[in-house]
Every structure is written in structure tokens, then in C-alpha cells.
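Q: I'd like a close look at the aromatic rings in this one, please. Once you've been through them, carry on into the pockets and cavities, and say which parts of the fold line them.

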Amino acid sequence: MSRKISPERWRRIFEYDWGMRKPNYGYVAEVDQRIVGYVGAIHSDRIVDGNRLGITNMCAWYLEKDHRGNGAGLRLMAEATSDPERHFTSMTSTSNPRTMGVLRAAGFESLDDFRWDWQRNAQSTDNIEAISEIEEILSRSTEQEQDILQDLLPFGVVPIVFRKGDFETLIVFASTVKGDDQPWLDVLYTRDARSGFLAEFGQQIANILLPSNDAVLSADRRFCGKAPASGTQITLPAPRFVKSPSLSGSAVDHLYTELQLLSLKLD
């Protein structure tokens, strides 16, 4: 577990309150009555296609070095994700091939292998309106989206409503700084991925929102709906993973995860 994360930040994955019963706070691995490993579990109840689903984001996976390579990590993850009634994600997995192999052996499948990036250019933005005032965004959001924003605005998510003609959509971003003070906007959620709005207008959105020429707007493939006409395709260091009997594609977003609770950054 990263020593760069303070105890106060680690405590958030146990203390969050989103108005639901938490099945657990994760799982530990024990050897001779001593804890040698842990995997965290961040739970949420979400409405997907009209159905209420229990979704768990697996996080903070750690095993002492002396107990790696003997199947203990697989047993820990398999047990932690064994509930057939829940849907599990892993969004910030290390690129270590062994770790990815354990996830696949535990039943996880690749959700996305690449993302699309945009930077500012001279393309016109006249045809798209971006609404950033929170009260107006809430008035234009669905009941579920209002609940999401009430839960996650305290953790710094950035919602924007975009309008083009009669079409309107909500996209939720994470605003971070990566590398050498480079501003990034990562897409966490989009209301209408299947419409292809991001694929068609990602460049214009970048021109509207990005603060500088070196800043980056980034979206996992599944949020785009189709291949964008512009932008740069980037292979992810490690795939986004999901273990679910039914969830796939843009229905699996980056909300209610360690990204918000631990203030982590997407690769």
C-alpha cells in the first residue's frame, strides 16, 4: 500500500457514507493468525437500465512480499469478489503482468484497453454550450444524477452539461495535474455514450474546457460510443477490469471509486 497516501486519506475508504448499507470494508488475508494482506471494497447502489445494482470497486490491494506468488493473492481476490449478486470493478490496476493475470484468474475481464486524448486546437466551438453552474446542472439532471452529484461533489468531481441544438448531455470529469504540472480532465461518467457525442465533439469540448495548450482531455474508449474523428488513441498501461454477469461498456463508469475517496489519478 502506498506510503504516499496519508492515513487520513486511507480512512476515507472506511468512513464514506452514501446512504446505503455497506456489505463489508474489504477482506484480509491471514497466516498463523497474522494479517498479511488486504483488499479494499468501495460499495455503491446504482440504477442501470432501470435496475438497482450493487457495484463494488476493488481497491488498495496489498500482500506482503513473502506471501506473493503462492496463490494467496488469487484466493484473497476470488473470495472478495465471490458474491454472485454484486458487480465488481478494478480501475487502477498495476501494469504488472502477474497482477493482471491474477485478476483474470479471479474472473475479471478487460473492459477497456485504450483511451482517447485531445488537446486544444483552433477548431470553432460556436455550436456547443457548456453549463457549469451547479444549481442549473442539478435542475437539468435526472434524479439518479442528482444523487450522484450530491454524493460526489464534496470529493471534487466536475460536472458539465453540454448543449448542441436540441441535444443535451451531462459529463462528469476529474480535474487533476499529472507529470510536470500538466492539467488533465478525465471523463468519469457520461449520460449518453451511445450517442457518440464525445466522439463527435471531443475536440470542441477540449477547446472549451482546457486551460492551456499542454492540457489534456481524456476519455476511455467506452465513453466515446465510436471512434472519434480527431484525438489520439493511447494504449492504457493496464486495462480497466470488470467482473459482472451483465455490466459492460459505458454502464461501468469511474464514479463511487477509489479515484474519489483516495484522490487518485487515472493512467
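**Rings first, then the spaces**

A: There are 10 aromatic pairs in the structure, which, keep in mind, is a predicted model. Take Phe114 and Trp116 to start with: their ring centres sit 6.3 Å apart and their planes meet at 80°, so this pair is edge-to-face. Trp116 has a relative accessibility of 11%, so it counts as buried.

Phe162 and Phe197 make a tilted pair, with 6.3 Å from centre to centre and 40° between the planes. Phe162 belongs to strand β7 (residues 158–164) and Phe197 to helix α6 (residues 197–209), so the pair ties together parts that are 35 residues apart in sequence. Phe162 and Phe197 are both buried, and they join Phe167, Phe173 and Phe201 in one aromatic cluster.

Now for the open spaces. The largest pocket holds about 1,100 Å³. It has 39 lining residues, and those closest to its centre are Trp61, Thr92, Ser93, Thr94 and Thr99. The elements that each give two or more residues to this lining are α1 (7–15), β3, α2, α3 and β11 (232–243), and β3 gives the most, with six. By class, the lining splits into 20 nonpolar, 13 polar and six charged residues.

Thr99 is worth a stop here. Thr99 sits in helix α3 and is buried, since its relative accessible area is 18% and the cut-off is under 20%. Leaving out residues up to four places away in sequence, Thr99 touches Trp61, Ser93 and Thr94.

Helix α2 (residues 72–80) also has a buried side, made up of Ala72, Gly73, Leu76, Met77 and Ala80. These residues span an arc of only 125° around the axis, which puts them on the same side of α2. In general, an α-helix has 3.6 residues a turn, so residues three or four places apart point the same way. The cover over the buried residues of α2 includes β1 (27–31), β2 (34–48), β3 (51–63), β4 (86–90) and α3 (97–105).

The second largest pocket has a volume of about 510 Å³. Its lining counts 22 residues, and Val48, Asp49, Arg191, Ser250 and Ala251 are the ones nearest its centre. Two or more residues come from each of β2, β3, α5 (143–152) and β9 (182–190). β2 gives the most to this lining, with three residues. By class, there are seven nonpolar, eight polar and seven charged residues.

That leaves the closed spaces: two cavities of 30 Å³ or more turn up. The largest cavity comes to about 100 Å³. Among its 14 lining residues, Arg46, Ile55, Thr89, Asp253 and Leu255 lie closest to its centre, and the elements giving two or more residues to that lining are β2 and β3. Seven of the lining residues are nonpolar, five polar and two charged.

The second largest cavity is about 40 Å³. Its walls are formed by Met91, Thr92, Ser93, Pro237, Ala238, Arg240, Lys265, Leu266 and Asp267, a mix of four nonpolar, two polar and three charged residues. You'll have met Thr92 and Ser93 already, among the residues closest to the centre of the largest pocket.

Conventions. Residues are numbered from 1 along each chain as its sequence is written. This is a predicted model: local features need pLDDT of at least 70, side-chain atom pairs count only at pLDDT 80 or more; totals for chains, interfaces and linings use all residues. Side-chain values use heavy atoms; hydrogens and water are left out. Buried means under 20% relative accessible area, exposed over 50%, partly exposed in between (1.4 Å probe, protein chains only). Helices (H or I, at least four residues) and strands (E, at least two) are DSSP runs, numbered from the N terminus. The arc is that of the directions from the helix axis to the C-beta atoms. Contact means heavy atoms within 4.5 Å. On a 1 Å grid over the protein atoms alone, a cavity is a set of points where a 1.4 Å probe fits but cannot get out, and a pocket is an open set with protein on both sides within 12 Å along at least five of seven lines; lining residues have an atom within 4 Å of a point. Grid points are joined across faces, edges and corners, and a volume is the space filled by probe spheres set on the points. Ala, Val, Leu, Ile, Met, Phe, Trp, Tyr, Cys and Pro count as nonpolar, Asp, Glu, Lys and Arg as charged, and the others, Gly among them, as polar. Rings of Phe, Tyr and Trp (its six-membered ring) pair if their centres lie within 6.5 Å; planes under 30 degrees apart count as stacked, over 60 as edge-to-face and the rest as tilted.
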